[in-house]
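Reader: Got a minute to walk me through this fold? I'd like to start with the strands and then poke around the empty spaces.

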Amino acid sequence: MSTIAIFHSVLGVRQGILDAAELLKKAGHDVHVIDQYNGRVFDDYTEASSFAESIGYEAYMRSALEAVKDLPDGFICVGFSNGGGVSGYIALNRRVAGVVLCSGVLPLEMLHGVFPAAGFLEKGWPQDTPVQIHYAKDDPFRFRGAVEAFSAHVKEQQGTVEFYEYHGAGHLFTDRSLVNEYNEANTRELWNHVLRFCSDIS
């Protein structure tokens, strides 16, 4: 089975992240939850975003890379929300087997702005690295055209892209502790796709 690194959303390691880790472990994977907040968890997106910004993007990305330094090459990144951006950064700087982005695709120009040292647009997505993307159709944090542009870029590098869209507006719809966002049916469908993706890579 695969080694998997999970990167949390701007809200921190909430129940949805713990559930994800448990599900992947039960499937036989070696799972590592990367807690970049050192246990701090948020309920409010605005407050959480201010906290993340206070850390600084460069420091945030460096700490993520440091957190996976002992993982073997060829692990899978699973990122939720801004954890998707972190997963992209890791993929640019480590040899990964695949990336799963859950509500976490940024426009290419923003990726370039967030990852200036990586030179995202110049360096390009790592060749042949598959990506799986998940979004609720009416997610309020979804950037218009980002999925399409990012997918096209990955395919230009001979990577494969799977995109799954779900009914509803929940941003973190797999987190049962977020009662206004959680969707059980969507969660079940998402994890069926993710488990198959990870199994195929293994």
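**Strands, helices and gaps**

Author: Sure, and let's begin in the sheet: β1 and strand β3 (residues 75-80) pair in the parallel sense, over four bridges. Keep in mind that this is a predicted model.

Reader: OK, so in β3, what's the bridge partner of isoleucine 4?

Author: Isoleucine 76 is the β3 partner of isoleucine 4.

Reader: And which way do β1 and β2 pair, parallel or antiparallel?

Author: Parallel, with five bridges between β1 and strand β2 (residues 30-34). Look at phenylalanine 7 there: isoleucine 34 in β2 stands opposite. To get from β1 to β2 the chain passes through helix α1 (residues 15-26), and that β-α-β crossover is right-handed.

Reader: How many residues of β1 are buried?

Author: Five of the five, across residues 3-7, so β1 is largely enclosed by the rest of the structure. Thr3, Ala5 and Phe7 point one way, Ile4 and Ile6 point the other way, and all of them are buried.

Reader: What about β3, how many of its residues are buried?

Author: Six of its six, so to speak a mostly covered strand. On one side you have Phe75, Cys77 and Gly79, on the other Ile76, Val78 and Phe80, and all are buried, with both faces of β3 covered.

Reader: Which residue in β4 is the bridge partner of cysteine 77?

Author: Valine 99 in β4 is the partner of cysteine 77. β3 and strand β4 (residues 96-102) run parallel and are joined by six bridges. The chain goes from β3 through α4 to β4, and this β-α-β crossover is right-handed.

Reader: Since you mention α4, where does leucine 92 sit?

Author: In helix α4 itself, which covers residues 82-93.

Reader: Buried or exposed?

Author: Leucine 92 counts as buried, because its relative accessibility is 6% and the cut-off for buried is under 20%. For a link along the chain, take glycine 124: it is 32 residues away from leucine 92 in sequence, and their C-alpha atoms are separated by 8.1 Å.

Reader: Let's zoom out. How many helices and strands does the protein have?

Author: Eight helices and six strands. Along the sequence the pattern reads β-α-β-α-α-β-α-β-α-α-β-α-β-α. The radius of gyration is 15 Å, close to the 17 Å that the globule rule gives for 202 residues, so the protein is as compact as a globular protein of that length.

Reader: And what box do the C-alpha atoms fill?

Author: Roughly 40 × 40 × 35 Å, taken along the principal axes. As for burial, 53% of the 202 residues count as buried.

Reader: Now the holes. How many cavities of 30 Å³ or more are there?

Author: Three cavities come out at that size. The second largest holds about 60 Å³ of space.

Reader: Which residues line that second largest cavity?

Author: Ser9, Gly12, Arg14, Gly16, Ile17, Phe80, Leu172, Thr174 and Asp175. By class, that lining divides into three nonpolar, four polar and two charged residues.

Reader: Moving on to pockets, what volume does the second largest pocket have?

Author: About 230 Å³. It is lined by 13 residues, and the closest to its centre are Asp19, Leu23, Tyr182, Thr187 and Trp191.

Reader: Which helix gives the largest share of the second largest pocket's lining?

Author: That's α1, with six residues. α1 and α8 (184-201) each supply at least two residues of the lining.

Reader: How does the lining of the second largest pocket split by class?

Author: Four nonpolar, three polar and six charged residues.

Reader: Last one, tryptophan 191. Which helix is it in, and is it buried or exposed?

Author: Tryptophan 191 is in helix α8. With 6% relative accessibility, tryptophan 191 counts as buried, even though it is among the residues closest to the centre of the second largest pocket. Back towards the sheet, phenylalanine 75 is 116 residues away from tryptophan 191 in sequence, and the two are 18 Å apart in space, C-alpha to C-alpha.

Key. Residues numbered from 1 in each chain as written. Predicted model: local features only at pLDDT ≥ 70, side-chain atom pairs only at ≥ 80, totals over all residues. Heavy atoms only, no water. Buried < 20%, exposed > 50% of the residue type's maximum accessible area, 1.4 Å probe, protein only. Pairing = 2+ DSSP bridges. Right-handed = clockwise from strand over helix to strand, strands pointing away. 1 Å grid on protein atoms, 1.4 Å probe; cavity = no way out; pocket = protein on both sides within 12 Å on 5 of 7 lines; lining within 4 Å. Points joined across faces, edges and corners; volume = space filled by probe spheres on them. Nonpolar A, V, L, I, M, F, W, Y, C, P; charged D, E, K, R; others polar. Rg over C-alpha atoms; globule rule 2.2 N^0.38 Å.
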